[in-house]
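Work through the exercises below with the model open. Each task is followed by a solution in steps.

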Amino acid sequence: MSSGARHLYVHLPFCAHRCGYCDFVTLVGRGGSHGAYVGALLAELALEREALARDVETVFLGGGTPTFTQPAELARLLERLPPAEEVTVEANPETVTPTLASMLRAAGVTRVSLGAQSFSPRLLAVLERRAGPDDVRSAFYHLRDAGFDNISLDLIYGIPGQSAADLASDLAEAIAIAPEHLSCYELEAKPGTRFTFAHGNELEAQAEAMERYFELVVETLVGAGYRWYETANFCRPGRQARHNLAYWRGRDYLGLGIGAVSTVDGLRWRNRPSLAGYLAALAAGGRPPREVEPLVPAVQRRERLLLGLRLDEPVPLTGVDGAVDPSALVRMQRLGLAEQRGGGLVLTKRGRFLGSGVTVALMAESPAKSTI
Ligand SMILES: C[S@@+](CC[C@H](N)C(=O)[O-])C[C@H]1O[C@@H](n2cnc3c(N)ncnc32)[C@H](O)[C@@H]1O
Ligand code: SF4
């Protein structure tokens, strides 16, 4: 038995509306349930307290839209969560008022991740976002005024109708407000969704340009002095997202809330995404309905490789023993896509641009290869 997870994720699923492209566990509105849900989260925390280390390093409140949760309930939750060196809250720009920013700061939040997505009114409309570019900037400065010195911006690229010039302009706008951290995700459009149905042709026409867009993102942000420390993440020195870094480094974490995933001591469990089932189970004093899966060491090592190679630091070879195909490794090194450094394995810049294709090629054949 280990001494418990040092990283805590808390899922707050409520949103003002559902953006067309979003595939996260979210619920629209439900103001009448926010209090009961926060009560259930705290009950789940009490039940799982043993899975958590005495000293917690990071807490991450993700969504949904955590800042859409009724402010009194959000404050009650923050007050009762364990203290941590890094406490991040995801926020949607239109929800960030000076009052909310001050409340978050007073409640011990150290970092805010702001979902900007784009600075173009046209592209924000395609994404069905509520916030306009001015809301993004106002939210950012409200957070600065409240004393936040660690703010991250989320951007999405590959939005239907987004030209390379549009992307360059989004990056320039983001750099201009000087966040400490940026996450830039390629838009994922799930087949069969309303969004993909509406924009399928444009998405198809743009697909080939995505490699070039990714390079534009990396070259622009690195050129502006950000460290490309993870496939989709960039930071000022020392400003990595410590919570997410723990996932990529294969650390244990406890997740609370509907749809939340936990990985502790070789066991993974995922709470079902039903609000009613979650509230009822915890009100009755039991654990919420969930799927539990033991993680055999071979799967853990493959996950470690898959996630670790997203980083610009080497994955220790001792941690991925048996997961790497030795002949593929020689091939990838010869092609200049991967290298060994200080007892670890890391992708070269060229390898990182090719991304998961190189990682999958490096993995030893096994039945589990296709399930990760
Ligand atoms: C949990 S989500 C949402 C956080 C917050 N509610 C918001 O919308 O800004 C965190 C981030 O994932 C990214 N994201 C969500 N759906 C995506 C998709 N389909 N493709 C790419 N990125 C996505 C967005 O950048 C978003 O800010
Ligand atoms: S606000 Fe964020 S979490 Fe909610 S639907 Fe939109 S993208 Fe998804």
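A residue is near a molecule if one of its heavy atoms lies within 4 Å of it. This is a predicted model: local features need pLDDT of at least 70, side-chain atom pairs count only at pLDDT 80 or more, and totals for chains, interfaces and linings use all residues. Residues are numbered from 1 along each chain as its sequence is written, ligands are numbered from 1 in the order in which they are written, and side-chain values use heavy atoms, without hydrogens and water.

**Exercise 1.** Describe the surroundings of ligand 1.

Step 1. Of the 16 residues around ligand 1, those that come nearest are Gly64, Asn92, Gln117, Arg129 and Asp154.

Step 2. Look for polar contacts (pairs of N or O atoms within 3.5 Å). A polar backbone atom of Gly64 is 2.8 Å from a nitrogen atom of ligand 1. For Glu188, a polar backbone atom is also 2.8 Å from a nitrogen atom of the ligand. A backbone N or O atom of Tyr21 lies 3.1 Å from a nitrogen atom of ligand 1.

Step 3. On its own, ligand 1 has 560 Å² of accessible area, and the protein covers 90% of this (Shrake-Rupley method, 1.4 Å probe).

**Exercise 2.** Which residues are around ligand 2, and how do they divide by class?

Step 1. The residues around ligand 2 are Cys15, His17, Arg18, Cys19, Tyr21, Cys22, Thr26, Gly64, Thr65, Asn92 and Arg129.

Step 2. Ala, Val, Leu, Ile, Met, Phe, Trp, Tyr, Cys and Pro count as nonpolar, Asp, Glu, Lys and Arg as charged, and the others, Gly among them, as polar. The shell thus sorted has four nonpolar, five polar and two charged residues.

Notes. A polar contact is a pair of N or O atoms within 3.5 Å; within protein, one must be able to donate a hydrogen and the other to accept it, and residues adjacent in sequence count only if both atoms are side-chain atoms.
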